[in-house]
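Hello,

Here is the structure I promised to pass on, and my notes on it follow below. Have a look at it first, and then read on whenever you have a moment.

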Amino acid sequence: MTAPLLTLSGLGKKFPGVVALDGVDFNVRAGEIHALLGENGAGKSTLIKVLTGVYEADVGSIRLAGQPISPASPKEAERLGLSTVYQEVNLVATLSVAENLCLGRQPGRFGLLNWPALRRHARAALARLGLELDVDAELGSLSVALQQMVAIARALDLQAKVLILDEPTASLDEKEVADLFAIMRRLRGEGLGIVFVTHFLDQVYAICDRITVLRNGTLVGEYATADLPRLALVGKMLGREIIAPEHSPLRATTAAGPVTAPILSARSLSRTGALHPLDLDLHAGEVLGLAGLLGSGRTETARLLFGLDRRDTGELQVKGQSARIRSPRDAIALGLALCSEDRKTEGILPNLSVRENLIIALQARQGAGRPLRRSEQEQLCGHYIRALRIKTPGPETPIRNLSGGNQQKVLLARWLATRPALIILDEPTRGIDIGAKAEIEQLIAQLRADGLAVLFISSELDEIVRNSTRAVVLREHRRVAEFSGDAITAPRLMQAMAGGHQSHE
Amino acid sequence: MSEMRLQRWLRSPIVWPLAGLALLLVVNLVHNPAFLHIGVLDGHLEGQPIAIFNNGARTLLLALGMTLVIATGGVDLSVGSVMAVAGATAGALLTSEHPQFHALPLVLGVSLGVGALAGLLNGVLVAYAGIQPIVATLILMVSGRGIAQLISHGNVLLIRSPGFGYIGKGFLLGLPFAAVLAVALYTVAQLGLRRTAAGLFIEAVGDNPVASRFAGLATARVACLAYLASGLCAALAGVMDAANIGAADPYRSGENMELDAIFAVVVGGTALTGGRFTLLGSFVGVLLLQTLTPTLVFLGVDPPVAPVPKALLIVIVCVLQSDLTRRWLKNLLPSKATVSVAGRVAS
């Protein structure tokens with residue numbers, strides 16, 4: 001093989017309190033498609049941002065075609081030949097295709113545009129991808145897939161040597177993905193190095209030549225795709241060694257199911273681009289673990305159950321009654337609660353006090369006209385601050401002054417104060433310290449003992465194994481396996497998450 | 001403990017507008033020791049402080065509604081035009097050929113109803129249609145004047161109704177009725193918002209609308225109601241304006257007053273980014289702006305130049321209440337307490 005086109009060696013980047021990248025090596029050859037994989041916090045996006053000049057690395061070097069480079073801005077990175085296309089199309093929807101392709105490098109002089117040249121450039125750029133589009137069409141009128149391809153054409157227009165595709169397929173359907181892959185193969189043939197970030201393992205095996213896996217900011221390894229079976233790949237992403245898959249027949253799950261009627265039952269719940277039809281039952285006194293890789297549809301399931309997104313098909317029943325859940329308000333009125341994974345944007349009211357953050361869901365359910373008495377509020381706060389050991393100077397402190405773990409506990413208290421029958425916990429332990437994690441796991445056990453139904457979403461297999469009485473695995477927006485009781489083991493979960501040929505379904 | 005109390009005071013957003021107001025009063029008292037004198041004329045109180053309250057009544061009303069809208073993270077540019085529409089509606093009814101339209105309850109009901117409708121329109125555009133508040137309310141700001149002229153057939157309608165005039169220039173127990181009404185409404189609003197959870201809901205929606213929705217708040221309804229309240233306040237201010245000058249002027253009524261209202265709210269300590277609001281702060285903010293005008297006249301500033309010192313004062317107050325300045329000031333204070341109690345200060 002030829003010498004690598006792009007070489008990153010010993011790359012390190014620290015943020016206050018976090019080591020985002022720690023001595024990472026990464027090589028891309030000319031004429032290959034190279035998958036960059038890893039779960040949340042692995043360091044993929046930091047690596048890409050260092051490559052494209054958004055961040056500057058603390059240590060390490062970058063070489064492009066043998067020359068050391070240190071891009072100081074995205075513009076400089078583009079000029080050097082490193083082009084990036086992001087998941088969200090970063091173009092101007094209201095401008096024409098041609099204008100978007102030439103934005104920032106318009107032909108012409110003295111601020112006047114040379115329109116014929118502009119259109120000619122645009123057509124040439126699209127032709128390279130084998131695309132024939134009306135260059136005068138407004139970009140916003142095209143499908144997301146075509147917009148994505150215009151973004152690629154724009155990136156390549158710049159004499160790119162390396163093309164970085166950051167989750168370009170997240171919102172595309174199968175046909176569109178196939179079209180995108182055709183273009184990627186074509187560019188590979190032209191000798192471009194392509195870095196491909198995706199959550200879909202099928203796509204990795206469909207198109208990538210090599211794979212680099214990151215975890216917690218460190219390099220796990222670089223592999224030829226053909227040499228790395230899916231299960232091994234998932235093991236590397238999650239940081240576990242592969243244990244020989246257990247071939248003992250799995251215990252039938254329905255037989256072990258609780259005798260009570262489910263608190264919540266979903267039938268063929270689906271939403272285009274988010275979830276294929278899914279059946280799910282949740283019973284009182286059980287913790288149902290929802291496992292799957294990033295992007296497998298876990299959060300999407302939670303959002304559909306809680307009425308945050310409109311479902312395309314499916315029926316929901318709460319306590320045996322057909323339920324009309326079209327907003328979180330409806331869900332809360334029926335005794336549901338959702339503790340979101342994104343604490344900052346979907347959880348806390350940053351400038352309001354701990355007390356106000358704690359009572360808001362209960363107060364919202366009661367309505368503005370029936371305010372909780374101040375003494376009741378203080379009693380609730382005192383109770384939960386003690387019970388969950390929330391470290392705060394006092395109930396009147398703005399919640400933004402608390403640590404992540406304590407903010408999370410206040411949010412848990414917010415939901416427990418509504419006395420829900422079912423609580424959905426989406427990554428409740430993310431970004432909080434070990435001690436708080438253990439406390440939250442204890443709390444989950446307590447809630448189950450108190451007869452709540454808990455839907456527990458986690459990226460950490462060990463957490464699922466430790467805390468769940470039943471576990472459902474999602475892969476690529478589909479439910480692929482269910483285990484219960486002692487049958488919930490990390491190897492089985494991992495195998496189901498990896499899917500592919502080795503699955504024993 | 002007194003140190004703690006001092007700190008709490010300095011953290012309060014209302015300190016700086018109060019300080020500004022005090023400064024203005026001192027300047028005025030030096031120039032004119034009789035500035036704060038209140039006398040009795042024709043059986044009611046008169047004097048500079050009374051005039052400030054009386055002239056400020058309309059801005060007070062606008063600032064009341066504006067505070068709620070700004071607290072939800074929006075802004076209402078249409079209030080000046082809604083004043084003109086409500087005034088023209090009242091004028092058209094009172095000058096109509098049919099005497100049955102002259103009944104005061106009917107006139108007030110219809111005028112305020114028109115304001116409520118305008119507020120509702122703003123609220124629906126912002127909260128349900130998702131249009132940027134500045135753009136959504138700009139629509140009515142621009143078209144409102146046209147609607148007002150349509151209602152008054154392009155005329156300035158002279159109103160000769162003593163009962164109606166009372167709203168703008170009457171006296172209640174020696175005090176100007178307009179000012180009494182404004183103060184009463186602030187009191188009612190304060191109680192209504194703080195004794196119920198409505199104030200908390202508004203602050204939650206302004207602080208983080210996404211998280212509020214997750215917590216089960218009807219965020220769109222909360223925002224919509226804030227605009228409705230603003231429309232009602234503006235309509236009442238418009239009626240008061242027409243009553244005060246004895247004419248409904250579709251061209252001049254409420255002109256540029258939306259800006260005064262926004263200034264007063266911001267100077268009073270409610271951030272344009274939404275969240276925490278203080279009605280008392282807005283109240284003091286209006287008084288500050290209203291005192292500034294006669295002060296500048298006293299100081300001999302030419303009216304055309306007057307906006308410049310006005311702008312300067314606003315900038316100074318805003319800088320003083322920024323988080324940065326307050327942190328800096330807090331560090332200057334000797335403090336033994338390591339954990340300061342961040343109080344929700346009387347608002």
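To start with a small puzzle: which residue just after α17(A) takes a positive phi? That residue is Gly499(A), with a phi of about 65 degrees. Please keep in mind throughout that this is a predicted model.

The helix before that glycine is a good place to begin. Helix α17 of chain A covers residues 490–498, and 7 of its 9 residues are buried, so the helix is largely enclosed by the rest of the structure. The buried ones are Arg492(A), Leu493(A), Met494(A), Gln495(A), Ala496(A), Met497(A) and Ala498(A). What do they pack against? On the helical side, their neighbours are α7 (201–207), α8 (230–238) and α16 (461–467) of chain A. Among the strands, they pack against β13 (287–291), β19 (470–475) and β20 (478–484) of chain A.

One of those neighbours, β13(A), deserves its own paragraph. Here 5 of the 5 residues are buried, so this strand too is largely enclosed by the rest of the structure. In general, the side chains of a regular strand alternate between the two faces of the sheet. In β13(A), Val287(A), Gly289(A) and Ala291(A) point one way, while Leu288(A) and Leu290(A) point the other way. The strand β13(A) pairs in the parallel sense with β18 (residues 453–457) of chain A, over 4 bridges, and Leu290(A) stands opposite Ile457(A) there. Its pairing with β19(A) is also parallel, again over 4 bridges, and in that case Ala291(A) has Val473(A) as its bridge partner.

Elsewhere in chain A there is an open sheet of 4 strands with antiparallel pairing, in the order β12-β11-β14-β15. The edges are taken by β12 (275–282) and β15 (321–322), each with a single partner strand, so one side of each has no neighbour in the sheet. At the β15(A) end, 2 antiparallel bridges link that strand to β14(A), which spans residues 313–318. One bridge partnership there is Gln317(A) with Ser322(A).

Now for two helix pairs, one in each chain. How do α5 and α6 of chain A cross? The axes of α5(A) (residues 144–156) and α6(A) (residues 174–189) come within 10 Å and cross at roughly 15 degrees. The two helices are therefore roughly parallel to each other, and the crossing is right-handed. From α5(A), the residues Ala145(A), Gln148(A), Met149(A) and Ile152(A) meet Glu176(A), Asp179(A), Leu180(A) and Ile183(A) of α6(A). By class, that contact has 5 nonpolar, 1 polar and 2 charged residues.

In chain B, helix α4 (residues 79–94) and helix α5 (residues 104–128) have axes that come within 9 Å and cross at roughly 155 degrees. That makes α4(B) roughly antiparallel to α5(B), and this crossing is right-handed as well. The α4(B) side consists of Val82(B), Val85(B), Ala86(B), Thr89(B), Ala90(B), Leu93(B) and Leu94(B). These meet Leu106(B), Val107(B), Val110(B), Ser111(B), Val114(B), Gly115(B) and Ala118(B) of α5(B). The classes here are 11 nonpolar, 3 polar and no charged residues.

The two chains touch as well: 29 residues of chain A are in contact with 26 residues of chain B. On the chain A side, α10 (328–333), α11 (343–346) and α12 (354–366) each supply at least two residues. The largest share, 6 residues, comes from α12(A). By class, the chain A side divides into 14 nonpolar, 9 polar and 6 charged residues.

Finally, two backbone angles you may like to look at. Most residues other than glycine have a negative phi. Arg389(A) has a positive phi, near 50 degrees, and sits in the loop between α13 (374–387) and α14 (404–416) of chain A. Arg389(A) is partly exposed, with 13 other C-beta atoms within 10 Å. In chain B, Leu173(B) also has a positive phi near 50 degrees, in the loop between β4 (171–172) and β5 (175–176). With 8 C-beta neighbours inside 10 Å, Leu173(B) counts as exposed.

Best wishes

Note on methods:
Residues are numbered from 1 along each chain as its sequence is written. Chains are lettered from A and ligands numbered from 1 in the order in which they are written. This is a predicted model: local features need pLDDT of at least 70, side-chain atom pairs count only at pLDDT 80 or more; totals for chains, interfaces and linings use all residues. Axes are lines fitted to C-alpha atoms, for helices over the stretch in contact, and angles run from 0 to 180 degrees between N-to-C directions. Angles under 35 degrees count as roughly parallel, over 145 as roughly antiparallel, 65 to 115 as roughly perpendicular and the rest as oblique. A crossing is left-handed if the near helix is turned anticlockwise from the far one by less than a right angle, and right-handed if clockwise. Two residues are in contact if their C-beta atoms, placed from the backbone, lie within 7 Å. Ala, Val, Leu, Ile, Met, Phe, Trp, Tyr, Cys and Pro count as nonpolar, Asp, Glu, Lys and Arg as charged, and the others, Gly among them, as polar. Two strands pair if DSSP finds at least two bridges between them. A residue is buried if 20 or more other C-beta atoms lie within 10 Å of its own, exposed if 12 or fewer, and partly exposed in between; C-beta atoms are placed from the backbone.
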